[in-house]
Amino acid sequence: MTAPPPRSRPSPFAIGLVGLAFMVGGWKASTYLPEPVRRTEQARKLDEVRGMAEADLRDRLDTLAQRAQQPPYQLPGRLALLAGLLLFVSAAVRMYRHQPAEPRPEVEEAPATQESP
């Protein structure tokens, strides 16, 4: 009975696909903005409060409004994009790296016998 061969690493193709999925998901997450219907309602309420506020509070409300316009998942999306890029590049490196050839088992040849007449 022979021992099973050692478990090989995952294929570079599979790692590349996972990396590509992370890159696309990270890009979509980092550029995601909530629905515009909610944004218009929030903008209307913000304008109403801004009209009743003093000058100092108006400046604060303006900075809050600018922060609200940024995508909420920008940082996690960028991290996922970076992780996907690292996976994709490592898959490409593993794919193009030279792998040593498998050692062939040596076959013993029987000595040739000569027949004499």
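**Figure 1. Ser30, a buried serine in helix α1.** In this predicted model, Ser30 has a relative accessibility of 14%, so it counts as buried, the limit being under 20%. Its place is in helix α1. Look for the polar contact first: the Ser30 side chain comes to 3.0 Å from the backbone oxygen of Trp27. Beyond the neighbours within four places in sequence, Ser30 is also in contact with Pro71, Tyr73, Gln74, Gly77 and Arg78. Of these partners, Gly77 gets a view of its own next, as a residue of helix α4.

**Figure 2. Gly77 of helix α4 beside residues of helix α1.** How accessible is Gly77? Its relative accessibility is 1%, so Gly77 counts as buried. This glycine belongs to helix α4, and, with residues up to four places away in sequence set aside, it touches Gly26, Trp27, Ala29 and Ser30. A handy distance to check on your own screen is the one between the C-alpha atoms of Gly77 and Trp27: they are 6.0 Å apart, although these positions lie 50 residues apart along the chain. The Ser30 contact is the one you met in the previous view, where Gly77 appeared among the partners of Ser30.

**Figure 3. Ala91, another buried residue of helix α4.** Ala91 sits in helix α4 and has a relative accessible area of 3%, so it is buried. Which residues does Ala91 contact once its neighbours within four places in sequence are left aside? They are Pro12, Ile15 and Gly16. For a C-alpha distance to try here, take Ala91 and Ser11: the pair is separated by 80 residues in sequence and by 8.2 Å in space.

**Figure 4. Helix α4 and its buried residues.** Now step back to take in helix α4, residues 74-96. Its 23 residues should span 33 Å at 1.5 Å a residue, and the end C-alpha atoms are indeed 33 Å apart, so the two values agree. The buried residues of this helix are Gly77, Gly84 and Ala91, and they pack against α1. If you wonder about the spacing of side chains along a helix, an α-helix has 3.6 residues a turn, so residues three or four places apart point the same way.

**Figure 5. A nonpolar patch on the surface.** Here the view moves to the outside. Phe13, Leu17, Leu20, Val24, Trp27, Leu81, Phe88, Met95 and Tyr96 make up a nonpolar surface patch, and together they have about 960 Å² of accessible area. Helices α1 (12-30) and α4 (74-96) are the elements that each give two or more residues to the patch. Which helix supplies the largest share? That is α1, with five residues. One of the patch members to pick out is Phe13, a residue of helix α1; its relative accessibility is 56%, so Phe13 counts as exposed. Trp27 is also part of the patch, and you may recall its backbone oxygen as the partner of the Ser30 side chain.

**Figure 6. The whole protein, for orientation.** To place the close-ups, here is the full chain: it has four helices and zero strands, arranged along the sequence as α-α-α-α. Of its 117 residues, 11% count as buried, with Ser30, Gly77 and Ala91 from the views above among them. The protein exposes about 10,800 Å², and carbon and sulfur atoms supply 61% of that area. As for contacts between residues at least 6 apart in sequence, 84% of them join residues at least 24 apart.

Definitions and conventions. Residues numbered from 1 in each chain as written. Predicted model: local features only at pLDDT ≥ 70, side-chain atom pairs only at ≥ 80, totals over all residues. Heavy atoms only, no water. Patch = residues over 30% accessible without salt bridge, like charges linked within 9 Å, V, L, I, M, F, W, Y side chains within 5 Å. Areas by Shrake-Rupley, 256 points an atom, 1.4 Å probe, with all protein chains shown as cover. Salt bridge = Lys/Arg side-chain N within 4 Å of Asp/Glu carboxyl O. Buried < 20%, exposed > 50% of the residue type's maximum accessible area, 1.4 Å probe, protein only. Contact = heavy atoms within 4.5 Å. Polar contact = N/O pair within 3.5 Å; in protein donor to acceptor, adjacent residues only side chain to side chain. Expected span 1.5 Å × (residues − 1).
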